[in-house]
Amino acid sequence: MTVREPNQRRYFQPLEQADFIPLEHSGYLKGFLKPFKSKGDLEIWASQCHALRDQLIDLAQQRVLAQARGYPFRLLSVELAQQRTGAGTTFLRWRRHDRSAMGVALWQETMASTATPVNLLEDLLDLEQQRITLNMQISLLHTLGRQALECASKMAQAEDAYLRRVEALARAGGSQRGPSA
């Protein structure tokens with residue numbers, strides 16, 4: 001159901017597939033299901049995930065926040081803003097202009113408020129749905145990159161254990177044979 005008249009202006013234009021085309025050609029997912037043979041392979045893939053995450057954050061800033069900070073949204077009692085996390089990524093959050101409160105409850109209050117113009121309700125819904133989606137995508141890319149770096153570290157530890165054993169064998173003057181085939 002829509003409360004907007006067919007000829008009423010839209011203030012927020014959600015991202016479309018064309019906005020994601022430059023990002024989707026990145027090798028991050030097509031490189032996921034393959035045999036990673038070294039920590040270097042995993043570090044490269046982690047770097048690709050983090051680069052794509054950062055590009056997505058830039059897209060959110062340039063296309064979503066730029067609209068949310070403009071007229072008529074800047075007249076509302078809440079604003080959409082970026083929040084940098086301690087984990088090193090950035091998410092979109094609703095907050096009061098004075099930064100006294102933050103969270104989706106503020107958006108819900110704005111939607112319920114009779115002070116919010118009816119013709120903005122659909123735009124605010126679109127903004128919130130865009131925020132939810134972008135935050136999920138940013139979170140997943142961040143997690144994939146972090147997990148890849150953790151795996152790279154574990155691969156390095158495994159390789160170190162192997163090299164210590166091989167060096168011990170070399171110092172002992174020969175190889176100790178394993179099970180016969």
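Tyr 71 is partly exposed, with a relative accessible area of 48% (partly exposed lies between buried, under 20%, and exposed, over 50%, with a 1.4 Å probe and protein chains only). Tyr 11, by contrast, counts as buried at 19% relative accessibility. The structure is a predicted model, in which local features need pLDDT of at least 70 and side-chain atom pairs count only at pLDDT 80 or more, while totals for chains, interfaces and linings use all residues. Residues are numbered from 1 along each chain as its sequence is written, and side-chain values use heavy atoms, with hydrogens and water left out.

These two tyrosines belong together, since the structure holds one aromatic pair. Tyr 11 and Tyr 71 meet edge-to-face, at 6.2 Å centre to centre and with 80 degrees between the planes (rings of Phe, Tyr and Trp, the last by its six-membered ring, pair if their centres lie within 6.5 Å; planes under 30 degrees apart are stacked, over 60 edge-to-face, the rest tilted). The partners are 60 residues apart: Tyr 11 sits in the segment before α1 (17-24), and Tyr 71 in the loop between α2 (39-68) and β1 (78-84).

The fold itself is simple to follow. Four helices and two strands make up the secondary structure of the protein chain, in the order α-α-β-β-α-α (DSSP runs numbered from the N terminus, helices being H or I with at least four residues and strands E with at least two). Of the 181 residues, 34% are buried. The accessible surface, from the Shrake-Rupley method with a 1.4 Å probe, comes to about 11500 Å², and carbon and sulfur atoms hold 54% of that area. Among contacts (heavy atoms within 4.5 Å) with a separation of 6 or more, 63% join residues 24 or more positions apart.

Helix α2 invites a closer look. Its 30 residues reach 41 Å from first C-alpha to last, close to the 44 Å expected at 1.5 Å a residue (1.5 Å times one less than the number of residues). A kink of about 30 degrees is centred on Gln 61 in α2, the bend being the angle between axes fitted to the seven residues ending there and the seven starting there.

Next come the strands. β1 and β2 run antiparallel and are joined by seven bridges (strands pair if DSSP finds at least two bridges between them). Glu 79 has Arg 95 in β2 as its bridge partner. The two strands form a hairpin with five residues between them, and Gly 88 in the turn has a positive phi of about 100 degrees. Strand β2 (residues 90-96) is mostly covered, with five of its seven residues buried.
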